[in-house]
Amino acid sequence: MSEQIADVGRGVSLTYERLGANGGTPLVLVPGLGQQLVAWPDGLCELFVERGYQVIRLDNRDVGGSTHAGFRPPAPQQMLFKRWDPAQYDLHDMAADTVGLLDALGLESVHLVGMSMGGMIAQTVAARYPRRVASLTSIMSTTGAARLGRPALSTWRRMFGRPARTRAEHVEASVRMYRHISSAGYPFDEGAVRAIAGLSWDRDPRPAPGVGRQLAGILKSGDRTRELAAVTAPTLVVHGDRDMMVHPTGGAATARAIAGARLHTVPGMGHDLPTGAWPALVNLIDGHIRATATQSSTATQSSTATPNSSAAPRSADAPNL
């Protein structure tokens, strides 16, 4: 892995990796709660590279090789009553981290894809920094609205279990969690879950404190529905109908909050990226980006009355999810 570290400002550094040719269309992948850049599997990223993208996957703050905060994460009771440490960050801070990475890489505008908490971060970037987002794809995410997109009670209980103390415990806990939240309509790849969980532990042993602070950042941000009305980037919302981590109402709420957003519900998909869905998922996102580029080119031609070629990457025809 060709990982690098970028200073994104405000005392925060993010670890990231670039895959694909330097001239490829920039596609930034933002991972979810407690996830590291390896949560975007190599094989999935390679499919995007084959379509002509330069893939940039990153560790959010408090996980992996990125900056970890020094304060203790709040206990469940503190989260319930919203008693935050003065240093507690929120999704707006994490969105600023992502924009800081774009600045460090000299990228003015990118296609932004986020899953789960990463979708929340990507939504926030699109709302607050509209010129930096050419298109937005929000996967298995939500708006923060009360009673929408909430985890199942059985999922909440698993989230607040005893933190793993060893690599082996972390791997086993990951397998149990993903068996619970994975896609019922696709085969469960235990080997892949074990490999990613082990690699994640090797990159960042004892991740529980960072996960707790990230969760607090989500809760501190509250309902972002009104803010999402400011999103102008063409938006695709993808959600599985079997998601036990973020209920499908979260995806529907996201699509309603963003003008012109398109909601695509995936039958049988849970809160993961099943291998069997990769080709169709890549085609869906690629098609969204190509359509965005075509619309932008058409608008430019209309305003200038001169020809303009599309900047969209090449893409083969394939069925949607």
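**Overall fold and selected residues of the predicted model**

The secondary structure of the protein chain, in this predicted model, amounts to 11 helices and eight strands. The radius of gyration is 19 Å, close to the 20 Å that the globule rule gives for 321 residues, so the chain is as compact as a globular protein of that length. Along the principal axes, the C-alpha atoms occupy a box of roughly 60 × 45 × 40 Å. Of the 321 residues in the protein chain, 51% are buried. Among the contacts with a separation of 6 or more, 78% are made by residues that are 24 or more positions apart in the sequence.

The surface and the charges of the chain were also examined. The protein chain exposes about 14,100 Å², and 53% of this area is supplied by carbon and sulfur atoms. The chain carries 32 positive and 27 negative charges, and the mean positions of these two sets are 7 Å apart.

Several individual residues were then considered, beginning with the loop between β4 (53-58) and α2 (76-80), in which Ser66 is found. Ser66 has a relative accessibility of 4% and therefore counts as buried, the limit for that class being under 20%. The side chain of Ser66 reaches the backbone nitrogen of Thr15 at a distance of 2.9 Å. When residues up to four places away in sequence are not counted, Ser66 touches Ser13, Leu14, Thr15, Asp59, Asn60 and Arg61.

Asp62 is likewise found in the loop between β4 and α2, and with a relative accessible area of 1% this residue is buried. The backbone of Asp62 deserves attention, since phi is near 80°, a positive value in a residue other than glycine. Most residues other than glycine have a negative phi. The side chain of Asp62 makes a polar contact with the side chain of Arg213, at 2.8 Å. Leaving aside neighbours within four places in sequence, Asp62 is in contact with Thr67, His68, Ala69, Tyr89, Asp204, Gly210, Arg213 and Gln214. By contrast with these contacts, Asp62 and Ala291, which are 229 residues apart in sequence, have C-alpha atoms that are 35 Å apart in space.

One of the contacts of Asp62 is Gln214, a residue that lies in helix α8 (residues 208-221). Gln214 counts as buried, with a relative accessibility of 0%. A polar atom of the Gln214 side chain lies 2.8 Å from the backbone oxygen of Arg61. Beyond its neighbours within four places in sequence, Gln214 is in contact with Gly32, Leu33, Gly34, Asn60, Arg61, Asp62, Val63, Tyr89, Met94 and Met117. Asn60 and Arg61 appear in this set of contacts, and both are also touched by Ser66, while Tyr89 is in contact with Asp62 as well as with Gln214.

A positive phi is also found at Arg10, where the angle is about 60° although the residue is not a glycine. Arg10 is placed in the loop between β1 (3-9) and β2 (12-19). With a relative accessibility of 49%, Arg10 counts as partly exposed, whereas Asp62, which also has a positive phi, is buried at 1%.

Two further residues in helices were examined. Thr124 lies in helix α4 (residues 117-128) and is buried, with a relative accessible area of 0%. Not counting residues up to four places away in sequence, Thr124 touches Leu91, His92, Ala95, Tyr129, Arg224 and Glu227. Thr124 and Thr143 are 19 residues apart in sequence, and their C-alpha atoms are 9.8 Å apart in space.

Ala293 has its place in helix α11 (residues 278-304), and at 14% relative accessibility this residue counts as buried. Although Ala293 and Ala134 are 159 residues apart in sequence, the distance between them in space is 8.4 Å, C-alpha to C-alpha.

Technical notes: Residues numbered from 1 in each chain as written. Predicted model: local features only at pLDDT ≥ 70, side-chain atom pairs only at ≥ 80, totals over all residues. Heavy atoms only, no water. Helix = DSSP H or I, 4+ residues; strand = E, 2+ residues; numbered from the N terminus. Rg over C-alpha atoms; globule rule 2.2 N^0.38 Å. Buried < 20%, exposed > 50% of the residue type's maximum accessible area, 1.4 Å probe, protein only. Contact = heavy atoms within 4.5 Å. Areas by Shrake-Rupley, 256 points an atom, 1.4 Å probe, with all protein chains shown as cover. Lys, Arg positive; Asp, Glu negative; His and termini not counted. Charge placed at Lys NZ, Arg CZ, Asp CG, Glu CD. Polar contact = N/O pair within 3.5 Å; in protein donor to acceptor, adjacent residues only side chain to side chain.
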